[in-house]
Amino acid sequence: MAKLSTEMIDLLGNYGHIGFTFVAAIFIGLGGGIYLDEHFFDGSTSPWFTFIGLAFGIGAGFKSLFDILRTPAARTKDKDPEG
Amino acid sequence: MEHPILFISIILEKLGLPIPHGPIGNTLLEKLCEPYMTYTWFVMIFLVVVGKLTLSNIEMIPGKGQNFWELLIGGMYDFFNDNMGSELTEKLFPMIATFALYIAVGNLIGLIPGFMSPTSSINTTLALTIIVWITHHIIGLRAHGLGYIKHFLGPIPVLIPLMLPIELISNVARLLSLSIRLFGNIMAKETLLGILFMLAGAYFAPLPIMLLGVLVSLVQAMVFVLLTVVYFGQSNEHAH
């Protein structure tokens, strides 16, 4: 039971924030793009930076997804070679 | 959502201090008397007093109180040691352990009727997260100097214009996701408990949610600390 619950917490800690990080990255990219369009260039470039920001945001989301998948594997590999 | 009963707020109101009726007060005194501020002070006083009571005389053969703290602090120390190396643990153990204790107690205190979790306010969680976020950049800058920027440039020099914004966005996303996850989970627990108390408190309807609330509180405190440790470890190690 103790082993199960520590494993559970480890899994929750490592993978429980995948969804939120993904969404946060997309929204930050989109928000940055909208800010550049509307406030920095005063709407003269209107849809373009929004789309570029959205694309970068989605890219960042996938990148953080891969990071999350890679990091715990590397950590457990360092810790115990058998497991 | 307004909490039904917050006993510190009631006491302060009896003392003649202004209690804000919205989430945020107008004047400085009202801001200081917001429930999440007063309950933050309450959690801090609670931790200090409990520490003082249980650890006032440290002995070679530990009693009940000292045993508990030795188990807890020792477990956390080993966990940090495994995940971010002994050097960083020596430096940063007090900070992260304080965060862990504060978040765990702050989450759990909201389960008692009349109390509120200070972590169910975005101000508290964002403050904690900004400290963690700035600290992990400082760790990176101190460990690598200007070479820390290599963390944000990706593996191949040709891809720098593509990778730099992506890395920066995913780094800022840490700030958002770390704060909003803790805030969202705890606020959801608090709101659900409040609604169930009002709807069917006489029939013990909130009891199962309270059970889940214990789990959520501990797991969220664990997750916050685990991610803090992982970020610190990442910014300390070499870029890929």
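What follows is a look at chain B's confidence and at the contact between chain A and chain B in a predicted model.

Confidence comes first. Chain B averages a pLDDT of 85, and 95% of its residues score at least 70. Within chain B, the low point is helix 2 (residues 28-32), with a mean of 77. At the other end of the scale sits helix 5 (residues 122-144) of chain B, where the mean is 91. As a general caution, where pLDDT is low, the predicted coordinates should not be read in detail.

Now to the interface. Chain A puts 22 residues into the contact, and chain B puts in 23. Interface size is often quoted as the accessible area lost when the parts come together. For chain A and chain B, the buried area is about 1,900 Å², and carbon and sulfur atoms give 77% of that.

As for specific pairings, one salt bridge turns up across the interface of chain A and chain B. The partners are A:Lys63 and B:Glu167, whose closest N and O atoms lie 3.1 Å apart. The count of residue pairs in polar contact across this interface, with both residues at pLDDT 80 or more, is also one.

On chain A, the side that touches chain B draws at least two residues from each of helix 1 (2-15), helix 2 (18-40) and helix 3 (46-79). Helix 3 of chain A gives the largest share of that side, with 10 residues. Sorted by class, the side of chain A that touches chain B holds nine polar, eight nonpolar and five charged residues.

Technical notes. Residues numbered from 1 in each chain as written. Chains lettered and ligands numbered in written order. Predicted model: local features only at pLDDT ≥ 70, side-chain atom pairs only at ≥ 80, totals over all residues. Heavy atoms only, no water. pLDDT = per-residue confidence, 0-100. Helix = DSSP H or I, 4+ residues; strand = E, 2+ residues; numbered from the N terminus. Contact = heavy atoms within 4.5 Å. Buried area = accessible area lost by both parts, 1.4 Å probe. Salt bridge = Lys/Arg side-chain N within 4 Å of Asp/Glu carboxyl O. Polar contact = N/O pair within 3.5 Å; in protein donor to acceptor, adjacent residues only side chain to side chain. Nonpolar A, V, L, I, M, F, W, Y, C, P; charged D, E, K, R; others polar.
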